[in-house]
Structures are given as C-alpha cells and as structure tokens.
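Thanks for making the time this morning. I would like to walk through one model with you, moving from side chains to helix packing, and I will try to keep to what the coordinates let us say.

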Amino acid sequence: MFNSLSDRLTSTFKNLRGKGRLSEADVDATVREIRRALLDADVAVPVVREFTAHVKERALGEEVSGALNPGQQVVKIVNDELVNILGGETRRIKLAKNPPTVIMLAGLQGAGKTTLAGKLSKWFKGQGHSPLLVAADLQRPNAVTQLQVNGQRAGVPVFAPHPGVQSEFDSVTGDPVAVARDGIAEARQKLYDVVIVDTAGRLGVDAEMMQQAADIRAAINPDEVLFVIDAMIGQDAVNTAQAFNEGVNFTGVVLSKLDGDARGGAALSVASVTGKPVMFASTGENLDDFEIFHPDRMANRILD
Ligand code: GDP
C-alpha cells in the first residue's frame, strides 16, 4: 500500500536537492507535483486542497531553520502535514474506569470487522486482559461461526446467540441489540474486562443497517466505536466513512487490508474528513497481522 504515492513524493523531493534557496516558482512547482501525486493516489479532493495550501503557506513563510536545507525543510513540512491528516498523535484505546471496557465494531460487510474482532481480542489477551467477544452480527449467516473460529484461535470466549447452549444470558431472539446487551451483562457477571462487539454490515450503506448499529450503540453505550474500513475500496471510503460517522458517531478508525496493493489515498483521507483518528491497521488475514497505527511512523514510511 502507498508504494506509488511514496515513489512520487520522494522523486518530487529529489528535484529540490542541492538547491540553496527556494524561489516561489520552485515552491509552486513542488506543490503542484505533490497535488498530482495525492490525487493520483485517490486522496480526497478537499483533503488535497487543504494539504497543499498548508504546505505552500509554510514553505514560503517559514524561516529556514539552520539545520535543514530548503529541500529538507519541504520534506519536513510535508511529513508534518501527513501526520496531521492521519490524526496527529497516536491515539490509544480508552479503558473504562469501571470495567468492562466496551468496544463496538462497525463498517460495511467484508470490511474486516470479524477478523479484526479476533485480532483485537488476541492483542488484549496478550496485554493481560480478559476479553470476551460478542457476536451481534446476525445478518450474515456465517458471521457467528466465523467469530467463534477466530475466538478459538485467539483463545478468547465468544458470547453468541446459540440455540441449544443454555446460559441464563442466552439470547435466542435473533435480536442483535439484545445479544449485545446480554453479552455485556455476561461480561459483568463473569468479570471479563474487555468486551468486543461485532456488528452486522451490508455491502453498501443502508438506512436499516445504520439504524441497527445506532440502536446497538445506544443500548450498550460503548467506550469506543471503531469504524473498520477496507483500504482497497478507493474513493468510496470517504463517503462510507461520513455516513458511518453520522450514523454511529464512531470514536476511531481501523484501516484494514493495508497489505493490499491499492493506492490507499482514500483511506488516508478518512481521518481528515471525519475528524476521527486512525487507531489500528490490519495487514493480513492472520490474527497477528495487526498493529497500533502511529501517524508519525506511517508518514515516515510514505516519505522514506
Ligand atoms: P466483515 O464482514 O467486516 O466481518 O469482514 P471479515 O472479517 O469477514 O473479512 C472479509 C474478508 O477479508 C475475509 O476473507 C478476511 O479474511 C479478509 N481480511 C480481513 N482483514 C484483512 C486484512 O487486513 N488483509 C487481508 N488481506 N484480508 C483481510
């Protein structure tokens, strides 16, 4: 992911190497190249506009610092602006003062929620927590089973509506709101300290699905709502993110399938467009293919 963007930006900077001073024409030419590279990588137009305006303003306005030559100065400015659009500081999960910490996952079908649920649960377990997975995706026939498989791989129990398995909290109603609520009740009683609630997606945003996600959010009052977005979906990422932001007011973004070879710029735009930070990156189908997202490291990687 981001390889072509990375190549384009670094070759733009090569043209600045060795220049003693940057004229306004140099800055204009560089900013034009940056704009083209970002647009070609699918970065959303308003994000590109703001990004290039900041770069230009700073490149022309900033005192040249003693330690950096003008070319390096521009690289630093672009780096800072990339960190900004990716959400600035690394943002970690907020743990509830009174456990359990409740994390709800939302996103389109196929975005990678169920896979992420397994990854997150394994990661929490590795940190010494005692997580519980809750299968509130009752839309997709296989979703509950898939979460159970992931739970088994992670060594984490799964609360699921499961006719035939008796539990005082067993929800056999097929009502995802009830399943989510009962899952949290079970976590409270059995002292799980992190609950990860998988929810249903659809192939596209629709009102009924969004209402269901909003109802689950209202019923369980999660500490975090993570919006999972497939970085491969291109320009649609931004519209989808905006719809989910309005529908469930998510608290953070997870970029999934960053191991793919898509251009990735749309995914890079999501934090900027919604004002919500990217918190995790999902980079493969295995439960360990998962990392905390550091905006500064990602910017470095793109400009490396
Ligand atoms: P959900 O419908 O949102 O729950 O999506 P799933 O978790 O079922 O994922 C959909 C498909 O994408 C599955 O085949 C996953 O194995 C795959 N997948 C999920 N995350 C990643 C990832 O980070 N990288 C890659 N390459 N595949 C992924």
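Before I name any side chain, let me fix one term: a residue is called buried when its relative accessible area is under 20%, exposed when it is over 50%, and partly exposed in between. Please also keep in mind that what you see is a predicted model.

With that in hand, let me begin with tryptophan 123, which has 23% relative accessibility and therefore counts as partly exposed. Its neighbour in sequence, phenylalanine 124, has a relative accessibility of 3%, so phenylalanine 124 counts as buried.

How do the rings of these two residues, tryptophan 123 and phenylalanine 124, sit relative to each other? Their centres are 5.0 Å apart and their planes stand at 65°, and because planes over 60 degrees apart count as edge-to-face, that is the name this pair receives.

A second aromatic pair, between phenylalanine 280 and phenylalanine 290, is stacked, with 5.1 Å from centre to centre and 20° between the planes. Phenylalanine 280 belongs to strand 7, residues 278-282, whereas phenylalanine 290 belongs to strand 8, residues 290-292, so this pair ties together parts that lie 10 residues apart in sequence. Both phenylalanine 280 and phenylalanine 290 are buried. What I would like you to take from this part is that Trp123, Phe124, Phe280 and Phe290 form one aromatic cluster.

Let me turn now to the helices, starting with helix 5, residues 113-126, and helix 6, residues 143-154, which pack at an angle of about 25° with their axes 9 Å apart. That angle is why helix 5 is described as roughly parallel to helix 6, and the crossing of the two is right-handed. On the side of helix 5, the residues that meet helix 6 include Thr114, Ala117, Gly118 and Ser121, and their partners in helix 6 include Ala143, Leu147 and Asn150. Sorted by class, this contact between helix 5 and helix 6 has 4 nonpolar, 6 polar and 2 charged residues.

The next pair is helix 7, residues 176-190, with helix 8, residues 207-220, where the axes come within 9 Å and cross at roughly 30°. Helix 7 is therefore also roughly parallel to helix 8, and here the crossing is right-handed. Pro176, Val177, Ala180, Arg181 and Ile184 from helix 7 meet Gln212, Asp215, Ile216, Ala219 and Ile220 from helix 8. By class, the contact of helix 7 with helix 8 divides into 7 nonpolar residues, 1 polar and 2 charged.

Where does helix 10, residues 265-274, stand as regards burial? Helix 10 is mostly covered, with 8 of its 10 residues buried, among them Gly265, Leu268, Val270 and Thr274. Just after helix 10 comes glycine 275, whose phi is positive, near 75°.

I will finish with leucine 82, which is found in helix 4, residues 70-85. Because its relative accessibility is 1%, leucine 82 counts as buried. Which residues does leucine 82 contact, if we leave aside its neighbours within four places in sequence? They are Phe51, Ala299, Ile302 and Leu303. Glutamine 109, by contrast, is 27 residues from leucine 82 in sequence and 29 Å from leucine 82 in space, C-alpha to C-alpha.

Definitions and conventions. Residues are numbered from 1 along each chain as its sequence is written. This is a predicted model: local features need pLDDT of at least 70, side-chain atom pairs count only at pLDDT 80 or more; totals for chains, interfaces and linings use all residues. Side-chain values use heavy atoms; hydrogens and water are left out. Axes are lines fitted to C-alpha atoms, for helices over the stretch in contact, and angles run from 0 to 180 degrees between N-to-C directions. Helices (H or I, at least four residues) and strands (E, at least two) are DSSP runs, numbered from the N terminus. Angles under 35 degrees count as roughly parallel, over 145 as roughly antiparallel, 65 to 115 as roughly perpendicular and the rest as oblique. A crossing is left-handed if the near helix is turned anticlockwise from the far one by less than a right angle, and right-handed if clockwise. Contact means heavy atoms within 4.5 Å. Ala, Val, Leu, Ile, Met, Phe, Trp, Tyr, Cys and Pro count as nonpolar, Asp, Glu, Lys and Arg as charged, and the others, Gly among them, as polar. Rings of Phe, Tyr and Trp (its six-membered ring) pair if their centres lie within 6.5 Å; planes under 30 degrees apart count as stacked, over 60 as edge-to-face and the rest as tilted. Buried means under 20% relative accessible area, exposed over 50%, partly exposed in between (1.4 Å probe, protein chains only).
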